[in-house]
Amino acid sequence: MIKFDMGAAWDDSLVLLRSHLPLTATIAAVFIFLPNLVLSWFGPVPIEPAAGASMDQVMAVFRQSMGEILPYQLLISVIGAIGGVGVLRLWLSRTGTSVGDALMFAVRMIPTMVAVQVILFVVLALAVFLLFLPGIAIGGGGGIALVAVGLLLFVGLAAYFWGRLSVISPIIADRTVYNPLTAIQESLALTKGNGWRIFLFMFLVILVFLIAALIIGGIVGAVAGSGEGAGRMLTGLVEAAVAGIGGLVSLAIVAATYRQLSMTGAHETFR
């Protein structure tokens, strides 16, 4: 069993980000940055509840906002998945591939990616049901305690399996796995014994990026405001740029994780 090395994975992530940079940056711009920019500029504006609204009213406003934006988010997710798998295909291909071939491959893999997400969502919903239902059913002080225990278990399991399932996309992109269950099984096999290390690596990288994004977003929001017109356009531009850069960084760290864990014999290095 290979022990996951966070330092080596980060170094390899930087190598991957530099590899084919003009091509991968263009793919990220077209498939991640632009769709998010269009949604920010022209998509539905989130509805804010009225001052003093009750919890039921707040939830009703939330459901209405989600109902309006969900179709756009699903479309953006599919478009982003095409770009993401295309980038992974470019990075992980051992024989070399063109951008067109990589993107056509990504389009063919959409059903597999969607199926994986559906399976993971069902498992997540089942976990929530099993962990929280006993406390909700009992009610009272004992029920609250059980819900708190269930929440702690849920957070721990979610973190652990985030690490264990993190290399599903690279596996699909590199090994051309069409069966979603096979992709999940191979990810679990590849990350065995390294779930917590992988989670910590990805959590730290994403945390640093989110802090930087929040600082930049806060500065832009304070300068431009959040209203209609120039404020919304500038804020949307920054949000889309963060999504594009963050998407590329996320792809790099999962690809580097996969490359390290799937390594056999001599280490293969991109130049």
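Reader: How do I read the packing of H5 against H6, and at what angle do their axes cross?

Author: Happy to walk through that one. Two packed helices are described by the angle between their axes and the distance between the axes. In this predicted model, the axes of H5 and H6 cross at roughly 160 degrees and come within 6 Å. Angles over 145 degrees count as roughly antiparallel, and H5 and H6 are therefore roughly antiparallel to each other. Their crossing is right-handed.

Reader: Which residues in H5 meet which in H6?

Author: On the H5 side, the contact includes Leu-124, Val-128, Leu-131, Phe-132 and Pro-134. Among their partners in H6 are Gly-140, Gly-142, Gly-143, Leu-146, Val-147 and Gly-150. By class, the residues of this contact are 13 nonpolar and five polar, with no charged ones.

Reader: Now H5 and H8, please. Are they roughly parallel or roughly perpendicular to each other?

Author: The same two descriptors help here. H5 and H8 pack with their axes 9 Å apart, at an angle of about 70 degrees. The range from 65 to 115 degrees counts as roughly perpendicular, and H5 and H8 are therefore roughly perpendicular to each other. The crossing of H5 and H8 is right-handed. Thr-112, Ala-115, Val-116, Ile-119 and Leu-120 in H5 meet Pro-180, Leu-181 and Ile-184 in H8. That contact has seven nonpolar residues, one polar and no charged.

Reader: Let's turn to empty space. What volume does the largest pocket have?

Author: Here is the general idea first. Rolling a probe the size of a water molecule over the atoms shows where empty space is left. In this structure, the largest pocket has a volume of about 1,600 Å³. Its lining is made of 43 residues, and Val-116, Gln-117, Leu-120, Leu-165 and Ser-169 lie nearest the centre.

Reader: Which helix supplies the largest share of that lining?

Author: Our old friend H5, with 11 residues. Other helices join in: H2, H3, H6, H7, H8, H9 and H10 each supply at least two lining residues, as does H5.

Reader: And how many of the lining residues are nonpolar, polar or charged?

Author: The lining of the largest pocket has 33 nonpolar and 10 polar residues, and no charged ones.

Note on methods: Residues are numbered from 1 along each chain as its sequence is written. This is a predicted model: local features need pLDDT of at least 70, side-chain atom pairs count only at pLDDT 80 or more; totals for chains, interfaces and linings use all residues. Side-chain values use heavy atoms; hydrogens and water are left out. On a 1 Å grid over the protein atoms alone, a cavity is a set of points where a 1.4 Å probe fits but cannot get out, and a pocket is an open set with protein on both sides within 12 Å along at least five of seven lines; lining residues have an atom within 4 Å of a point. Grid points are joined across faces, edges and corners, and a volume is the space filled by probe spheres set on the points. Helices (H or I, at least four residues) and strands (E, at least two) are DSSP runs, numbered from the N terminus. Ala, Val, Leu, Ile, Met, Phe, Trp, Tyr, Cys and Pro count as nonpolar, Asp, Glu, Lys and Arg as charged, and the others, Gly among them, as polar. Axes are lines fitted to C-alpha atoms, for helices over the stretch in contact, and angles run from 0 to 180 degrees between N-to-C directions. Angles under 35 degrees count as roughly parallel, over 145 as roughly antiparallel, 65 to 115 as roughly perpendicular and the rest as oblique. A crossing is left-handed if the near helix is turned anticlockwise from the far one by less than a right angle, and right-handed if clockwise. Contact means heavy atoms within 4.5 Å.
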